[in-house]
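Q: Please take a close look at one part of this model and describe it in detail, in a connected way. After that, I would like to see how the account extends to other parts of the assembly.

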Amino acid sequence: MSGGFADEVAIVGWAQTEHRHRVDETPMGLINRVVLDSLASCNMSIREIEVIVDSGSDFLDGTATSAGLAVDACGAHFKSLIRVAGDGLLAAVYALLRIASGVADSALVVSYGKSSESDIAEQARACAEPFFTRPMGLDAVSAAALQESVYLGRYGISRDACADVVVKNRAAGAANPYAQLRSQVTREAVLASADWTHPIRKLEVSPASDGACAIVMVEGSIAERLCVEPAWITGIGHSMDSHYIGSRDLHRAVAAANAATMAKQMAGVEDAAEVDAFEMCEFFAYQEFMFYEAMGLCSEGEGPGFLSEQARSGGPLLNASGGALCANPLPATGLVRLADAAALVTGRGAAGTGQVKRALAIGNNGLAMQSSACMILESS
Amino acid sequence: MSETREQRSNVRYRWATGETVGAFFSALRDSGRLLGSVCPECGVVACPPASYCERCGAGATELREVGPSGVVMTVARQCEGFTGAPLEAPFLYLLIKMAGADTTLLHVAKDDERVIPGTVVVPEYAADRSGTIMDIAYFRPEED
Amino acid sequence: MRPVAVVGTGQTKHAQRRIDVSLPEMVREAATAAMQDAGVKPAEIDAVVMGSGPEIFEGVNFPDHWLGPAMAVAGKPVIRVETGGTAGSTTGIAAFHYVASGVFDLVLAIGYEKLSDGDTLAGMSRVYDPRWDRDFAPGAPGLAGLQARQYLDRHAHVTEQHGGMVVVKNRRNGTLNSHAQVRREVTLEEVMSSRPVAEPIKLLDCAPSSDGAAAMVLSSERRARKLCANPAWFVGMGSCSESTYAPHMDIAYPESCVRAAQQAYQMAWIYDPPTELDLAEVFEAFSFQELVWCEALGLCRPGEAGRLIESGATGIEGSIPVNPSGGALCANPIGACGLIRQVEAATQVMGRAGDHQVPGAKRALAHAWGGAIQFNSVTIFSSEL
């Protein structure tokens with residue numbers, strides 16, 4: 001690899017819907033709303049946008065080439081639309097590369113999730129190769145349960161530690177107007193919640209949300225012209241671990257670690273402590289610990305200890321948005337985290353979050369964190 | 001008023017296995033043997049086998065018998081049943097390191113407190129074997 | 001803009017059913033061939049960009065999770081793009097962006113389709129918008145039949161026979177292409193008397209249903225100069241999407257195709273395509289489409305495609321060969337089709353097209369379309385920067 005990208009690219013506008021369990025609106029309606037709102041947030045018009053990158057999955061939509069249906073909603077008529085079949089943050093990474101290549105100077109990244117319209121357990125099962133995994137009926141929760149089991153066993157961690165992540169994120173979500181879950185929970189309530197797939201408890205599982213998000217990304221000189229505080233993209237990365245669950249090193253979030261390392265290297269971040277805020281896609285509580293370790297905030301197996309230390313002495317913002325545990329519009333969740341990170345870096349977040357110098361957003365896709373994308377943002 | 005319109009997807013698939021996976025299923029069906037593949041470059045023995053190494057990208061053609069017993073490395077307990085589940089719930093998902101293999105095999109066991117990391121397990125074969133991974137109905141503790 | 005070149009290509013032997021291999025083995029076949037052609041090892045590839053048709057065709061959600069590790073060393077960046085039938089050429093274009101960004105030096109672009117793993121018709125029916133019901137075009141002749149009928153009705157000098165001539169030409173070219181699935185010539189009489197499918201489309205006007213994959217290795221300038229004596233440089237690119245529901249959408253002369261071509265020509269400084277291009281590889285899922293694309297791509301004026309093919313200009317020895325590979329009419333793994341057009345175009349300017357080489361080819365165009373003929377993309381390769 002050659003290293004960084006020369007051109008400066010910034011996120012200048014974004015919008016997300018309120019994420020809810022079931023929205024009585026078509027995906028097209030959701031997309032259209034965030035497209036219009038994100039453009040309005042930076043005083044741009046759809047006419048100025050050259051490229052639209054959307055993310056989604058035909059399976060989740062129950063249609064084939066569902067990108068075709070998004071064309072109108074995204075305003076992609078006579079523009080270049082490309083769908084990234086993956087998480088929304090990966091779509092944003094591709095959009096960045098597109099602008100950095102010099103072929104386009106603006107891009108709209110759109111992602112949406114409409115879990116209420118499909119059987120999400122079945123969608124997750126369908127990710128797995130058909131010969132050895134699918135006949136077992138392994139889904140997102142059981143795959144994650146196996147990973148959590150490996151993680152806890154390797155480092156001698158009690159599964160009760162996960163409750164601390166839930167309590168923290170649910171408290172943060174209560175203050176996030178877009179979050180689906182906006183009520184706090186106590187540690188006792190988490191520990192008392194029934195097992196979903198042991199060792200995962202029900203309150204440790206992210207909800208299935210309907211929602212959409214859009215982000216406006218532009219080349220540097222346009223960002224300067226727009227008179228809004230831009231969130232400069234300084235690093236990107238993404239990675240895919242092996243597929244068959246039995247052949248992977250499940251005690252580490254390998255893809256997340258590779259993605260974060262790549263992004264940090266590009267951004268010139270030597271120590272994760274140089275980042276002020278982290279927005280992560282923790283579909284299950286234990287994954288947040290694995291993200292801390294993958295991003296280099298602490299050593300392997302030290303995730304729970306790191307969280308306890310932060311609670312005592314303060315430190316970076318860790319899912320100040322409430323994370324996926326409060327809103328999970330798969331596969332848009334990563335883009336939502338990116339929007340939340342952009343808000344933190346530009347001081348346009350929810351009241352009380354202030355402004356940070358540098359934020360990192362990290363995504364998650366596939367069974368047991370097989371795939372991940374990462375982006376680092378900085379204020380001017 | 002917003003309503004919903006339902007459609008169930010009922011698309012049938014017949015995935016070609018290729019020779020390596022085909023050989024694994026034949027051996028399992030015909031003689032109850034488990035095969036692994038050997039990566040010529042990194043030496044890893046993978047069960048289930050593949051004609052390529054997921055770690056280093058090399059092609060793998062050598063097959064080698066592994067098992068029949070294995071050591072449980074990880075357990076997750078599935079509490080609720082679902083259509084098409086391999087066993088009646090509650091049941092256990094296992095990652096098993098078969099004797100002679102370096103990777104683990106995903107399979108299932110009946111709900112049993114004795115099945116924990118370290119337990120030695122052996123396959124319990126299905127009455128009728130048709131050349132799928134479910135020719136092993138589940139794994140059970142060796143001592144049974 | 002940073003220069004980017006194709007330094008190696010590979011294709012599977014396209015066939016109606018590749019039941020001898022699993023899907024990951026099939027994509028690996030093309031990937032390995034491309035990497036060998038480029039002289040690079042898997043560990044040297046910085047990222048993999050893959051594309052295929054709708055996931056429902058093979059029945060795996062996020063198939064890059066299963067397939068990426070079959071080609072890439074574990075942990076590398078892998079991304080899948082999907083935009084209907086153009087998936088294959090948006091793959092190549094996305095891979096271009098990966099290298100042109102300056103972040104990645106060597107990128108593998110791979111397109112595939114394994115229709116035999118699934119039930120294509122059922123998959124096709126899923127393209128219906130569940131609320132409004134719309135037809136899906138690639139492979140489904142309904143919309144293509146409408147397109148052909150509109151096109152023929154509009155132009156007095158183009159007839160059904162001209163569609164048949166496209167089949168005769170491409171089938172002849174297919175006999176020169178070792179990767180092609182269909183390698184048997186046909187006569188005009190055989191085409192014209194073949195069973196009607198969707199008037200005016202007849203059976204022999206249709207591309208076959210195929211399993212196959214194609215791959216290419218893209219490189220930054222620095223690496224390209226070391227790896228390859230005659231790389232194929234990306235000199236022009238365009239992609240344009242059109243609203244599915246626009247009542248004024250002109251499928252006989254699609255605006256999105258015209259615009260995509262204009263973008264590519266502008267980038268490549270091409271003012272007179274028929275003279276400045278040495279060949280074009282276009283996605284003709286149905287014979288008449290080749291005539292439509294010749295016009296929309298500016299290879300001739302609207303209404304003149306009949307005369308163009310009659311004159312022999314688009315034959316392999318003509319002044320502007322179209323589909324010297326035999327086109328989709330000889331091999332049609334849907335999600336790979338666009339990439340195959342790019343692979344063929346690149347291979348031509350690299351001088352590696354074997355028996356179907358257009359002598360002295362220096363500039364080649366590749367085109368693909370997708371969805372309800374609403375996504376179009378154009379790529380132009382040159383032997384010189």
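**A sheet in chain B and its surroundings**

A: In this predicted model, three strands of chain B make up an open sheet in the order β2-β1-β3, with antiparallel pairing. The edges of this sheet are β2 (45–46) and β3 (62–66) of chain B, each of which pairs on one side only. Between strand β1 (residues 34–38) of chain B and β3(B), the antiparallel pairing runs over five bridges, and one partnership can be named residue by residue, since V38(B) has E62(B) in β3(B) as its bridge partner.

The loop between β2 and β3 of chain B holds P48(B), and the peptide bond that leads from C47(B) to P48(B) is cis, with omega near 10°. Chain B has another such bond, from A89(B) to P90(B), which is cis with omega near -5°; here P90(B) sits in the loop between β4 and β5 of chain B. As background to these entries, most residues other than glycine have a negative phi, and most peptide bonds are trans. Chain A offers a backbone entry of its own, in that N43(A), although not a glycine, has a positive phi of about 55°; N43(A) belongs to the loop between α1 (27–40) and β2 (51–55) of chain A.

Turning to the contact between chain B and chain A, 32 residues of chain B and 30 residues of chain A take part. Together the two chains bury about 2600 Å², and 63% of that area lies on carbon and sulfur atoms. On the side of chain B, the residues that lose the most area to chain A are W15(B), E54(B) and L106(B), which together account for 22% of what that side buries.

The polar side of this interface can be described pair by pair. Between chain B and chain A the count is one salt bridge, in which E80(B) joins K202(A) with the closest N and O atoms 3.2 Å apart. Beside this, 12 residue pairs are in polar contact across the interface, with both residues at pLDDT 80 or more. As for secondary structure, α1 (18–31), β4 (70–78), β5 (91–98) and β6 (105–110) of chain B each give at least two residues to the side that touches chain A, and β4(B) supplies the largest share, five residues. By residue class, that side of chain B divides into 19 nonpolar, nine polar and four charged residues.

β4(B) also takes part in strand pairing across the chains, for two bridges join it, in the antiparallel sense, to strand β5 (residues 195–198) of chain A. Within that pairing, H198(A) has R77(B) of β4(B) as its bridge partner.

For the wider setting, the salt bridges over all chains come to 46 by the rule used. One of them lies within chain A, where R358(A) pairs with E378(A) and the closest N and O atoms are 3.0 Å apart; this pair links distant parts of the chain, with R358(A) in strand β11 (residues 358–362) and E378(A) in strand β12 (residues 371–378) of chain A, 20 residues apart.

An interface of another kind is found inside chain C, whose domain assignment gives domain 1 (4–120 + 210–227) and domain 2 (132–207 + 235–382). The C-alpha centres of these two domains of chain C lie 23 Å apart, and 40 residues of domain 1 are in contact with 34 residues of domain 2. The two domains bury about 2600 Å² between them, 66% of it on carbon and sulfur atoms. One salt bridge is found across this domain interface, and eight residue pairs are in polar contact there, both residues being at pLDDT 80 or more. On the side of domain 1 that touches domain 2, two or more residues come from each of β1 (4–11), β2 (47–52), α3 (87–100), β4 (106–114) and β7 (211–220) of chain C. The largest share of that side, eight residues, is given by α3(C), and the residues of the side divide into 15 nonpolar, 21 polar and four charged.

Notes
Residues numbered from 1 in each chain as written. Chains lettered and ligands numbered in written order. Predicted model: local features only at pLDDT ≥ 70, side-chain atom pairs only at ≥ 80, totals over all residues. Heavy atoms only, no water. Domains from an automatic or database assignment. Contact = heavy atoms within 4.5 Å. Buried area = accessible area lost by both parts, 1.4 Å probe. Salt bridge = Lys/Arg side-chain N within 4 Å of Asp/Glu carboxyl O. Polar contact = N/O pair within 3.5 Å; in protein donor to acceptor, adjacent residues only side chain to side chain. Helix = DSSP H or I, 4+ residues; strand = E, 2+ residues; numbered from the N terminus. Nonpolar A, V, L, I, M, F, W, Y, C, P; charged D, E, K, R; others polar. Pairing = 2+ DSSP bridges.
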